[in-house]
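Visitor: Hello! Could you walk me through this structure, one question at a time?

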There are 2 protein chains.
Amino acid sequence: MADIKTPANPLFLREDDLRQGIELLFFAYRDFTAKADQTLAQYGFGRAHHRVIYFVGRNPGMTVSDLLDILKITKQSLSRVLGQLVRQGFIIQRPGTIDRRQRLLSLTELGADLERKLTEEQRALVARAYKAAGAEAVDGFRKVALGMINDTDRSRFRPTTR
Amino acid sequence: MADIKTPANPLFLREDDLRQGIELLFFAYRDFTAKADQTLAQYGFGRAHHRVIYFVGRNPGMTVSDLLDILKITKQSLSRVLGQLVRQGFIIQRPGTIDRRQRLLSLTELGADLERKLTEEQRALVARAYKAAGAEAVDGFRKVALGMINDTDRSRFRPTTR
DNA sequence: TTTTTATGTCAGCCATGTTGACTTATTTTT
DNA sequence: AAAAATAAGTCAACATGGCTGACATAAAAA
């Protein structure tokens, strides 16, 4: 009685619920990026710069190819923002030691400062939402979000076991 | 023993967890939009067109101002894509009956067809993620996502009570 | 030695955001 | 009735950040 199998089309998969899911993503992402965008504008940077700074900060010593795989944009598009960040001293490139064709990317002090500033804002937003929702809801959020991510990138995240 | 209050800084608010939350949003949104973008390209449309088609489909008879409030872009930006959609017969405008300055927006048959096609893809993605995560996780996802949305737009969603 | 790979560059195109100035029709306020 | 405010639209110019295509260089791999 307690363990009735969920039917093929359970209640939470009604059209309206799925639409709501779509809208939640739209509004959440819109507001999630809004604040950082303002900060970036003060530096003359855009969202693309933020992504680069973020992921390089998260994976110091990563290669340009690594970054391209994550961002899923062309190297020409990346080159534009990456070049600016390097020239303005937010990111340094050094040749790979094993493979000297590679350019290993990391943040400078300046870059790390900006990264902290930007990420701090977003962390605060996530923290507020997490706190308000509670630990259990956070687990649910993780599961659902992971399910929307393609298999390759899903494996970037540590297994759901906490 | 079972009802220990969560401390001021519970485990799921550790820096790494918050970063993970940030990344989940980034990857989920990236993959969430990828498929529809491909379909749109076949029509010579972009993501901006999709948003307009989506929200007009969702709120038939909405005004231009309503749409601007949701999208949070300028009327000049909206005008570009809205104009194309109207001229190409995806959306019709009719003057408001109470306030004749308003232009009430709705989808034509053609627009509704495209809306269904686009939304169907995203609904399938959300459905897959929801199904894999389970009803409880979906509730958690909703709570967290709602917490990231500003107060005004949060009230667009029906109360969390199911 | 040849081929492939990692990275970078130049040039140009497109979509979509912005600001600012101005118009028209209609409603609201005075 | 006149004046002000509002809903919508328009023109022009500019910035960001995607894209394609072609080509270059250095280093690694075959």
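Guide: Gladly! One thing to know early is that this is a predicted model. Let us start with B:Asp31, which sits in helix α1 of chain B, residues 15-42.

Visitor: Is B:Asp31 buried or exposed?

Guide: Its relative accessible area is 13%. A residue counts as buried when that value is under 20%. By that cut-off, B:Asp31 is buried.

Visitor: Which residues does B:Asp31 touch, leaving out those up to four places away in sequence?

Guide: One of them belongs to chain B, namely B:Leu125. The others come from chain A. They are A:Lys72, A:Met148, A:Ile149 and A:Asn150.

Visitor: What is the distance of the polar contact between the side chains of B:Asp31 and B:Arg30?

Guide: This polar contact joins one side chain to the other. A pair of N or O atoms has to be within 3.5 Å to count. For B:Asp31 and B:Arg30 the value is 3.1 Å.

Visitor: How far apart in space are B:Asp31 and B:Gln122?

Guide: Along the sequence, 91 residues separate B:Asp31 and B:Gln122. In space, taken from C-alpha to C-alpha, the distance is 9.9 Å.

Visitor: Now for chain A: which residues does A:Asp31 touch, again not counting those up to four places away in sequence?

Guide: A:Asp31 lies in helix α1 of chain A, and it is buried, with a relative accessible area of 13%. One of its contacts is A:Leu125. From chain B come B:Lys72, B:Met148, B:Ile149 and B:Asn150.

Visitor: What is the phi of A:Lys72 near?

Guide: A:Lys72 is found in the loop between α3 and α4 of chain A. Its phi is positive, in a residue other than glycine. The value is near 55 degrees.

Visitor: And where is B:Lys72 found?

Guide: B:Lys72 also has a positive phi, of about 55 degrees, although it is not a glycine. Its place in chain B is the loop between α3 and α4.

Visitor: Let us turn to the DNA. Which residues are the closest to DNA strand D?

Guide: In total, 25 residues surround DNA strand D. Sugar and phosphate make up 55% of the strand's atoms that come within 4 Å of the protein. The closest residues are A:Thr74, A:Arg80, B:Ser65, B:Lys75 and B:Arg101.

Visitor: How far from a phosphate oxygen of DNA strand D is a polar side-chain atom of B:Ser65?

Guide: Backbone atoms come into the picture too: an N or O atom of B:Val64 lies 3.4 Å from a phosphate oxygen of this strand, and one of B:Arg103 lies 3.3 Å from a phosphate oxygen. For B:Ser65, the atom is a polar one in the side chain, and the distance is 2.2 Å.

Visitor: Which element gives the most to the surface near DNA strand D?

Guide: The elements giving two or more residues are α2 and α4 of chain A, with α3 and α4 of chain B. By class, the surface has four nonpolar, eleven polar and ten charged residues. With four residues, the element that gives the most is α2(A).

Visitor: How far from a base oxygen of DNA strand C is an N or O atom in the side chain of A:Lys75?

Guide: DNA strand C is surrounded by 26 residues, and A:Lys75 is among the closest. The side chain of A:Arg101 has an N or O atom 2.5 Å from a base oxygen of this strand, and for B:Arg101 the distance is 3.4 Å. For A:Lys75 it is 2.2 Å.

Visitor: Why is strand β2 of chain A described as largely enclosed by the rest of the structure?

Guide: Strand β2 covers residues 103-107. It runs antiparallel to strand β1 of chain A, joined by five bridges, and A:Arg103 in β2(A) stands opposite A:Pro95. It is largely enclosed because, of its five residues, the number buried is four.

Visitor: Last one: which residues have the most contacts inside the largest nonpolar core?

Guide: This core has 98 residues. Among the residues that A:Val52 touches are A:Leu67, A:Leu78 and A:Ile91. The residues with the most contacts inside the core are A:Val52 and B:Val52.

Terms used
Residues are numbered from 1 along each chain as its sequence is written. Chains are lettered from A and ligands numbered from 1 in the order in which they are written. This is a predicted model: local features need pLDDT of at least 70, side-chain atom pairs count only at pLDDT 80 or more; totals for chains, interfaces and linings use all residues. Side-chain values use heavy atoms; hydrogens and water are left out. A residue is near a molecule or strand if one of its heavy atoms lies within 4 Å of it. A polar contact is a pair of N or O atoms within 3.5 Å; within protein, one must be able to donate a hydrogen and the other to accept it, and residues adjacent in sequence count only if both atoms are side-chain atoms. Ala, Val, Leu, Ile, Met, Phe, Trp, Tyr, Cys and Pro count as nonpolar, Asp, Glu, Lys and Arg as charged, and the others, Gly among them, as polar. Buried means under 20% relative accessible area, exposed over 50%, partly exposed in between (1.4 Å probe, protein chains only). Two strands pair if DSSP finds at least two bridges between them. A nonpolar core is a set of buried Ala, Val, Leu, Ile, Met, Phe, Trp, Tyr and Cys residues joined through side-chain atoms within 4.5 Å. Contact means heavy atoms within 4.5 Å.
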